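Biologist: Please take a close look at one part of this model, the packing between a pair of helices. I would like a single connected account, with individual residues where they help.

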Amino acid sequence: MQEIIISGIGWLGVILCTGGYFLLSIKVLTAESRIFQLINVMGGLCLVTIALENSDMPNVMANLLWTFIGVYGLTRRLRTQGNVGKD
C-alpha cells in the first residue's frame, strides 16, 4: 500500500511540474504568478519524495533545487506584492 501511495505522489509531481510548464508555455500563467510558483514547489516536493524512496540522489538534488527556486520566486513575489498591491 505504501508503494502505491509513494508512486502516486511521484506521478502527482510529474503532473504538477509538467502541467505548470505547459500553462506557462501557452501563456495561461506567468513566471511571476503565485500559482505557477506554488505548482513548482508542490511538484518538486512530490518528486523529491519518490526520488528519496528510490535512493536516487541526483534526482533528489535536482528537485530540491527546483523546489528552492520556486520558494525563492514565491517569497520574492509575496514581498513585492506588499509594495505593489496586486498579483
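Modeller: What follows describes one helix pair, then a residue in that pair, then a residue in another helix. The model is predicted.

Two packed helices are described by the angle between their axes and the distance between the axes. Here the pair is helix α1, residues 2-25, and helix α2, residues 34-53. Their axes come within 8 Å and cross at roughly 145°. The crossing of α1 past α2 is left-handed. Sorted by class, the residues in the contact of α1 with α2 are 14 nonpolar, nine polar and one charged.

Isoleucine 6 gives a view of this at the level of one side chain. Isoleucine 6 lies in helix α1. Is isoleucine 6 buried or exposed? Its relative accessibility is 12%, and the limit for buried is under 20%, so isoleucine 6 counts as buried. Leaving aside residues up to four places away in sequence, isoleucine 6 touches Thr49, Ile50 and Glu53. With one of these, threonine 49, the C-alpha to C-alpha distance is 7.3 Å, although isoleucine 6 and threonine 49 are 43 residues apart in sequence.

A residue outside this pair can be described in the same terms. Threonine 67 is found in helix α3, which covers residues 57-84. Threonine 67 has a relative accessible area of 4%, and because buried means under 20%, this residue is buried too. Again not counting residues up to four places away in sequence, threonine 67 touches Val41, Gly44 and Leu45.

Definitions and conventions
Residues are numbered from 1 along each chain as its sequence is written. This is a predicted model: local features need pLDDT of at least 70, side-chain atom pairs count only at pLDDT 80 or more; totals for chains, interfaces and linings use all residues. Side-chain values use heavy atoms; hydrogens and water are left out. Axes are lines fitted to C-alpha atoms, for helices over the stretch in contact, and angles run from 0 to 180 degrees between N-to-C directions. Helices (H or I, at least four residues) and strands (E, at least two) are DSSP runs, numbered from the N terminus. A crossing is left-handed if the near helix is turned anticlockwise from the far one by less than a right angle, and right-handed if clockwise. Ala, Val, Leu, Ile, Met, Phe, Trp, Tyr, Cys and Pro count as nonpolar, Asp, Glu, Lys and Arg as charged, and the others, Gly among them, as polar. Buried means under 20% relative accessible area, exposed over 50%, partly exposed in between (1.4 Å probe, protein chains only). Contact means heavy atoms within 4.5 Å.
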